[in-house]
Amino acid sequence: MLALPPVLRYVHEPFRPDASHDLVPLPTKRWYEYIPSNGENERYRVKLEKGLGLRYPLGHHLKASGSLRDGYRHVRSAVGRTIDRWRGRSVLLKDPLALLSAEWLYEQFDLDVVVMIRHPVAFAGSLKVKGWTFPFQDLLDQSRAMKDLFWEHREEIQHFAKTDQHIVDQAALLWTLLYNVVLKYRKQQPDWVFLRHEDIARSPLQTFQGLYDQFGLDFTNTVRSQIEAHSDPAEKKSTVEDLQRDSESVIRNWVQRLTADEIKRVRKRTASVASEFYSEDEW
């Protein structure tokens, strides 16, 4: 919804290790790659600098192309990004997997940062319905991340990496780890924007108009209509990945997705961090 204005080009999740991103093909091997804020990582910096500057890595993709059709597609993409650059477009990069590297990104590229916050049971319900488990070994393999961010949870992470755990318990631990980091950011980065998913869902138009004003984007009638179309119950579609939803009904869809025992387990495991974002009556 933030990328609706024509001055922005939307870039979707270049930090994903299970897919090659066309514009920003990062050498990511693990989920939630950590680049310390005071760290040097030339491989990432160069590729992100080109991507944020809308410089399409045509040579990289042509070498990897398996057919003339693929090559033609990449040439078209390169032309499109060149036109974007000529028109003075900027990039809106959306990537929850970049969370641990957010401070590095902010300092390296002088970005405006928006951090989304979601209720732990909603997070767990979403992972459960999609069947998304998490490889905790990816965190253990990052010694600097374990030292800087997750040291106090190292034994739990080791246990979850070595033994099979229920997907809801995995979600609860992962939420605690990630939102401990968000809590640190909230204390240390006063210029960043921190938004709760539930607050946006309750007042999408008002929230997005405020964001558009803050970031100097034109909140046109077309933008307003698009936001309404993607959050109005009358426009709701049925599949999980559709972006047209009844926004307010999403807030408590975890009631149908999780059992009472699962909700209790998530609440117990996340309580110390969740209390910083959600009150008792929001459970």
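This is a short walk through the aromatic pairs and nonpolar cores of a predicted model.

Start with the rings. There are 12 aromatic pairs in the structure. Select Y179 and F277: the ring centres sit 5.9 Å apart with the planes at 75°, so this pair counts as edge-to-face. Now colour by secondary structure. Y179 belongs to helix α9 (residues 167-188), while F277 is in the segment after α15 (260-274), so the pair ties together parts 98 residues apart in sequence. Show the surface too, and you'll find that Y179 and F277 are both buried.

Next, pick W192 and F194. Here the ring centres are 6.3 Å apart and the planes lie at 25°; that is under the 30 degrees cut-off, so the pair is stacked. W192 is buried, with a relative accessible area of 5%.

For a bigger group of rings, select Y32, F134, F136 and F160, which make up one aromatic cluster.

Keep F136 and F277 on screen and add L48, L139 and F150. Out of the 63 residues in the largest nonpolar core, these five touch the most other members. Several elements each supply at least two residues of this core, among them α1 (42-52), α4 (102-109), β3 (114-117) and α5 (120-130). Which helix gives the largest share of this core? That's α9, with 14 residues.

Now zoom in on L48. Leaving out residues up to four places away in sequence, L48 touches F15, V24, L26, W104, L105 and F109.

Last stop: select L8, L92, L217 and F219. They are among the 13 residues of another core, which lies apart from the largest one.

Key: Residues numbered from 1 in each chain as written. Predicted model: local features only at pLDDT ≥ 70, side-chain atom pairs only at ≥ 80, totals over all residues. Heavy atoms only, no water. Phe/Tyr/Trp six-rings, centres within 6.5 Å; stacked < 30°, edge-to-face > 60°. Helix = DSSP H or I, 4+ residues; strand = E, 2+ residues; numbered from the N terminus. Buried < 20%, exposed > 50% of the residue type's maximum accessible area, 1.4 Å probe, protein only. Core = buried A, V, L, I, M, F, W, Y, C linked by side-chain atoms within 4.5 Å. Contact = heavy atoms within 4.5 Å.
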